[in-house]
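Reader: Before I use any of the labels attached to this model, I would like to see how each is reached from its value and its cut-off. Could we go through them one by one?

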Amino acid sequence: MIFVTGGAGFIGSNFVLGWLAERDEPVINLDKLTYAGNRDNLAALESDSRHLFVQGDIGDTKLVDDLLRRHQPRVIVNFAAESHVDRSIHGPDAFIQTNIVGTFRLLEAVRAYWGGLPAAAKEAFRFVHVSTDEVYGSLEPQADAFTESHPYAPNSPYSASKAASDHLVRAYHHTYGLPVLTTNCSNNYGPYHFPEKLIPLMIVNALAGLPLPVYGDGRQVRDWLYVGDHCSAIRRVIEAGRPGETYNVGGWNEKPNIEIVQTVCALLDELRPRAGGTSYRELITYVKDRPGHDRRYAIDAGKIERELGWRPAETFESGIRKTILWYLENASWVARVQDGSYREWIATNYDARTASAP
Ligand code: NAD
Ligand code: DAU
C-alpha cells in the first residue's frame, strides 16, 4: 500500500481519489484535520475498504511509527502542510510546527522504518515530498521561468517553512541515502479547493454577491495548473522519478491575477447570469496588498516532461470551466466549509484591507 499525509486537503484528496480510481493499491491516509482538512472531500470512499483514514499529526512519532510498522507501505507521499500564505503572515507558528518540525519528525520515523526493510523493499521504497514553486522567490517580469537549479529565496513565512522542509528532505537523501523525491509545483486550482485561496474565493464571493478582493494592482503573475494534472505528475514521479532528484511541475500558464478574476466573472456571467443582467465584474474591488507579495512565479516544467514524459491534460480554459461547473454543482460542499472558523478568518484577513485604487 501507499501512505499519504494530508490526504483530506485540497490536493491530497484529489490525489487519493485519483489513485483509487486508477488502481487497486490501498491507501492509508494520515491527516490532522485542521481547518483545511475535510472528510467530505473523501465521501466517495466511505465504504471503500482500500482507503484507511487516520486522524493524526505527521509530528506524532509514536503514531507514525506504529502505522508504518503495521501497514508496511512502499511509498510515502507527504502533502501535509499549512498552505496559505496570508495565514502564515498573520500567524507563522503553525507553519513552523507542521512544515518544518512535522516534516522532520516524519522523516525520522520513515528513516527508522526504511532502515529495517529487507534489501529489495528498501531499494524500491520512495518518499515523495510535495513542495511549491514559492521556495524560489519572486521573478522579474522578463526573467526565465524557475528551473530545478534556481536558487532558493523564499519570501513569506509559508515559503520559508516549505524551503526548510525541502532542505531537510534533501539532507536525508544525501546523509542517510533515504530514496526521496521532491516536486515543486506552481499554483493549483480545481475541485475541493478551500475558498480562502484566490480562485475558489472569487467563485464563492461572486455567487454570494460579495466584493471580489484583488490585492494591490492585481498584476502579480501566477502559473496555474489543474489539480488533476499535478496528481498525475506525482504518480509519474512515484513510478519513474530518480531518487534524490527534484522535479518542477507546472502548466506553462502564467496569468496576472486580474485576468484570472475577469475569467471567473466571464464564465459565471455565461453559466449563472446575475439577476438584473449586470456582470460579476462589477464586484471587483482593489484592496490593500499582501505584505511582501511576490510579483511573479513561473515554472519551467521541461525536466519532468523530458525525463518522465509527463504532460498536463488540461488547458487553462478547459480546467477553469470544469472548476466553475464543480463549484456550481457542489454548493452544499461550499456551505459546509463556510463554518464559524472560516468566517473568522475572512474577517481577520479582509476587514483591515480597505478598498484602494489599483
Ligand atoms: P491544504 O491546506 O488544502 O491541505 C493540507 C492538508 O494537510 C489538510 O488536510 C490538513 O488537515 C493537513 N495537515 C495540516 N497539518 C497537518 C499535520 N501536522 N499532520 C497531518 N496533516 C496535516 O493544502 P493543499 O493546497 O492541498 O497543499 C498540499 C501540499 O501541496 C502542501 O504541502 C503545499 O505546500 C503543496 N502545494 C500546494 C499548491 C497549491 O496551489 N495549493 C501548489 C504547490 C504545492
Ligand atoms: O505557487 C504555489 C502556491 O500557490 C502554493 O504553494 C500555496 O500553498 C498556494 O496557497 C498558492 O499560493 P498563492 O499565495 O499564490 O495563492 P493564493 O490563492 O493565496 O493567491 C494567488 C494570488 O492571488 C496571489 O498573488 C495573491 C492574490 N490574491 C489572493 C487572495 C486570497 C488576491 O488578489 N486576493 C485574494 O483575496
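Author: This is a predicted model, and a fair place to begin is ligand 1, which is surrounded by 28 residues, the closest being I11, D31, S83, Y158 and K162.

Reader: What makes the approach of Y158 to ligand 1 a polar contact?

Author: An N or O atom in the side chain of Y158 is 2.7 Å from an oxygen atom of ligand 1, and because a polar contact asks for a pair of N or O atoms within 3.5 Å, the pair qualifies. The backbone takes part as well, since a polar backbone atom of K32 is 3.1 Å from a nitrogen atom of ligand 1, while a backbone N or O atom of V130 lies 3.4 Å from an oxygen atom of ligand 1.

Reader: How much of ligand 1 does the protein bury, and which elements give two or more residues to its shell?

Author: On its own ligand 1 exposes 850 Å², of which the protein buries 97%. The elements giving two or more residues to the shell are α1 (10-22), β5 (126-132), α6 (157-176) and β7 (187-189), and the largest share, three residues, is that of β5.

Reader: What surrounds ligand 2, and which polar atoms approach its oxygen and nitrogen atoms?

Author: Ligand 2 has 24 residues around it, with D133, Y158, R290, H293 and Y350 the closest. A polar backbone atom of S83 is 2.7 Å from an oxygen atom of ligand 2, a backbone N or O atom of P213 lies 2.8 Å from a nitrogen atom of the ligand, and a polar side-chain atom of N257 lies 2.8 Å from an oxygen atom of the ligand. Of the 680 Å² of accessible area that ligand 2 has on its own, the protein covers 94%. Here α7 (198-208) and β8 (212-215) are the elements that give two or more residues to the shell, with the largest share, three residues, coming from β8.

Reader: Why is the pair D57 and K32 called a salt bridge?

Author: The closest N and O atoms of D57 and K32 are 3.4 Å apart, and the limit for a salt bridge is 4 Å, so the pair meets it. The partners are 25 residues apart, D57 in the loop between β3 (51-55) and α2 (61-71) and K32 in the loop between β2 (27-31) and β3. D57 has a relative accessible area of 25% and K32 one of 42%; because partly exposed runs between 20% and 50%, both residues receive that label.

Reader: Why is E314 called buried while its partner K322 is called partly exposed?

Author: The side chains of E314 and K322 meet in a salt bridge at 2.5 Å, N to O. E314 has a relative accessible area of 19%, and buried means under 20%, so E314 counts as buried. K322, at 42%, falls between 20% and 50% and is therefore partly exposed.

Reader: How do you know that E305 has no salt bridge, and what does E305 touch?

Author: E305, in helix α10 (residues 302-308), is buried, and the nearest side chain of opposite charge, R311, is 4.0 Å away, with no salt bridge assigned. Not counting residues up to four places away in sequence, E305 touches W252, W310 and R311, and the side chain of E305 makes a polar contact with that of W252 at 2.7 Å.

Conventions. Residues numbered from 1 in each chain as written. Chains lettered and ligands numbered in written order. Predicted model: local features only at pLDDT ≥ 70, side-chain atom pairs only at ≥ 80, totals over all residues. Heavy atoms only, no water. Helix = DSSP H or I, 4+ residues; strand = E, 2+ residues; numbered from the N terminus. Buried < 20%, exposed > 50% of the residue type's maximum accessible area, 1.4 Å probe, protein only. Lys, Arg positive; Asp, Glu negative; His and termini not counted. Polar contact = N/O pair within 3.5 Å; in protein donor to acceptor, adjacent residues only side chain to side chain. Contact = heavy atoms within 4.5 Å. Near = heavy atom within 4 Å. Areas by Shrake-Rupley, 256 points an atom, 1.4 Å probe, with all protein chains shown as cover.
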